[in-house]
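Please open the model in your viewer and keep the selection panel at hand. The stops below go from the whole chain to its parts.

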Amino acid sequence: MSQANRMLGGYGPVVLAQDFDKEYISAFEHINQRVGVDIKPLAGQSQVVNGTNYAFYCFVSPVVAPGIPQVNRLELIVINQQGDQYTELKDRVFSEPVLVPPIGSFDSVALRHDFSDAERQTAEKIESMIGVKYDILAAQQQVVAGLNFAFYTVVEPITPNAQAFFARLDVYVNLRGEIENENLVHIQP
């Protein structure tokens with residue numbers, strides 16, 4: 001995915017963490033100074049205002065003692081840069097809440113390389129759909145009569161001049177392994 005076009009006033013398209021330029025990396029280093037958590041950026045967006053706002057979609061993993069359940073979450077963290085000064089403007093959790101133990105609730109957020117077989121298979125079905133390009137980065141699942149999934153993805157519509165955006169894709173998979181319902185929820189900074 002190409003670098004974001006920095007638009008005056010509005011946020012530009014989503015940039016995957018692997019494509020961050022030095023400005024994104026410098027802004028993220030401010031976030032990465034938190035104590036007690038490991039923070040990994042998944043993607044980001046920028047906005048030119050009085051300085052530059054950076055919105056980071058982050059995987060946040062608490063540092064816990066051995067034997068304590070680790071509940072990972074996804075956060076949207078917005079930083080403003082003016083010269084060499086960085087100020088955190090807002091921080092909000094956007095992943096599904098998790099009960100410990102996760103009986104009846106969604107489980108902890110998993111990154112793509114840690115997906116369960118069901119998450120991996122469903123993500124591959126979704127990414128093979130025509131008309132929209134999904135780049136699924138993380139997921140949560142909930143056991144019901146079938147499975148509910150919350151996939152966290154960069155969505156890139158396949159239309160001229162379409163702008164990529166970050167979203168949660170809610171999916172229900174029935175007991176036969178078929179996708180029955182989908183709901184796309186745009187996550188905005």
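**From the whole fold to two domains**

Begin with a cartoon of this predicted model, in which the protein has 2 helices and 10 strands. If you colour the chain from the N terminus and follow it along the sequence, these elements appear in the order β-α-β-β-β-β-β-α-β-β-β-β.

Next, select the C-alpha trace, which spans about 55 × 50 × 20 Å along the principal axes of the protein. The radius of gyration is 17 Å, and this agrees with the value near 16 Å that a compact globule of 189 residues would have.

Now select residues 7–93 as domain 1 and residues 110–186 as domain 2, and give each its own colour. How far apart do the C-alpha centres of domain 1 and domain 2 lie? They are separated by 23 Å, and where the domains meet, 13 residues of domain 1 are in contact with 10 residues of domain 2. Across the whole protein, among contacts with a separation of 6 or more, 48% come from residues that are 24 or more positions apart.

Then switch on the surface, whose accessible area comes to about 9700 Å², with 52% of it belonging to carbon and sulfur atoms. Of the 189 residues in the protein, 46% are buried, that is, under 20% relative accessible area.

As a last stop, show the charged side chains, of which 13 are positive and 22 are negative; the centres of these two sets lie 2 Å apart.

Note on methods. Residues are numbered from 1 along each chain as its sequence is written. This is a predicted model: local features need pLDDT of at least 70, side-chain atom pairs count only at pLDDT 80 or more; totals for chains, interfaces and linings use all residues. Side-chain values use heavy atoms; hydrogens and water are left out. Helices (H or I, at least four residues) and strands (E, at least two) are DSSP runs, numbered from the N terminus. The radius of gyration is taken over C-alpha atoms; the globule rule is 2.2 Å times the number of residues to the power 0.38. Buried means under 20% relative accessible area, exposed over 50%, partly exposed in between (1.4 Å probe, protein chains only). Contact means heavy atoms within 4.5 Å. Accessible areas come from the Shrake-Rupley method with a 1.4 Å probe; for residues, only the protein chains shown count as cover. Lys and Arg count as positive and Asp and Glu as negative; His and the chain ends are not counted. The place of a charge is taken as NZ of Lys, CZ of Arg, CG of Asp or CD of Glu. Domain bounds come from an automatic or database domain assignment.
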